[in-house]
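I opened my notebook on this one with the ligand in mind. Here are my entries, in the order I looked things up.

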Amino acid sequence: MANSIEACIFDLDGVIVDTAKFHFLAWRRLANELGFDFTEAQNEKLKGVSRIQSLELILQWGGISLDEPAKMALAEQKNDWYRDYILQMEPGDVLEGVEGFLAELKRNGIKIGLGSASKNAETILQRVGLTEVFEVVVDGNRHTKSKPDPEVFLTAAAALGVAPEHAIVFEDAEKGVDAALNGGFYAVGVGSPEVLGHAHFVIPGFAGVHLETILDRIYLITSE
Ligand code: B16
Ligand code: MG
């Protein structure tokens, strides 16, 4: 039931901040240096996927096979370029409407968690000034199974003391929505319905979105 929603768990990249564009730029630079390119459509497949799995996909697209040490070196190189971007981030880089929505959750006593595949999550939260807002942060340093496995969200929900059926996950990645559904959460896609149509419903972003709107839509699902 919508009125029994006790927690909201957010993905980071692409939901709270637009770091997906920085991942794309850094991976593309790496691919270009290796002598090939990939498209924005292919980039969709990298969203929510761990750093090393992303690299493996990209190498596959380029038809390149490397040993483990070489892969590690490339992943580190990409991360250095990516960190150059995120270290420039500031509070103004939080996506439109997100802070207002988080404040509404706080006012209504709804717990707030973060469930991200990124090992850079803490740095990003610090840069944009949101560290204190999240009661629980589960990131790529704290979990091992990649989305679509629900581990990251289940760990966050358990740490918040909330059962999945009383929590909503907000996700911008196809595999992230899969992870939320696999865990028994309500899944709200943030982005395009073409990519996230399997979520319970999709919003384009948080601009103009209020808690009441979200709860009303979940209530419609539960009463169907
Ligand atoms: P890092 P999210 C994910 O974050 C990104 O969507 C994905 O593109 C990235 O490869 C992954 O984090 C790992 O990031 O290299 O910073 O550890 O969307 O789950 O918040
Ligand atoms: Mg994401």
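What follows are my notes on the ligand site and one peptide bond.

I am working with a predicted model, where local features need pLDDT of at least 70, side-chain atom pairs count only at pLDDT 80 or more, and totals for chains, interfaces and linings use all residues. Residues are numbered from 1 along each chain as its sequence is written, chains are lettered from A and ligands numbered from 1 in the order written, and side-chain values use heavy atoms, with hydrogens and water left out.

I looked first at who surrounds ligand 1: there are 19 residues around it, and V49, S116, S118, K119 and N120 come nearest (a residue is near if one of its heavy atoms lies within 4 Å). I sorted this shell into five nonpolar, seven polar and seven charged residues (Asp, Glu, Lys and Arg count as charged; Ala, Val, Leu, Ile, Met, Phe, Trp, Tyr, Cys and Pro as nonpolar; the others, Gly among them, as polar).

Next I checked polar contacts (pairs of N or O atoms within 3.5 Å). A backbone N or O atom of K119 lies 2.7 Å from an oxygen atom of ligand 1. For R51, a side-chain N or O atom is 2.8 Å from a ligand 1 oxygen, and for L46 a polar backbone atom is 3.1 Å from one. The protein covers 98% of the 470 Å² of accessible area that ligand 1 has on its own (Shrake-Rupley method, 1.4 Å probe).

Last, I looked up a peptide bond: K147 to P148 is cis, with omega near 20°.

Methods: A polar contact is a pair of N or O atoms within 3.5 Å; within protein, one must be able to donate a hydrogen and the other to accept it, and residues adjacent in sequence count only if both atoms are side-chain atoms.
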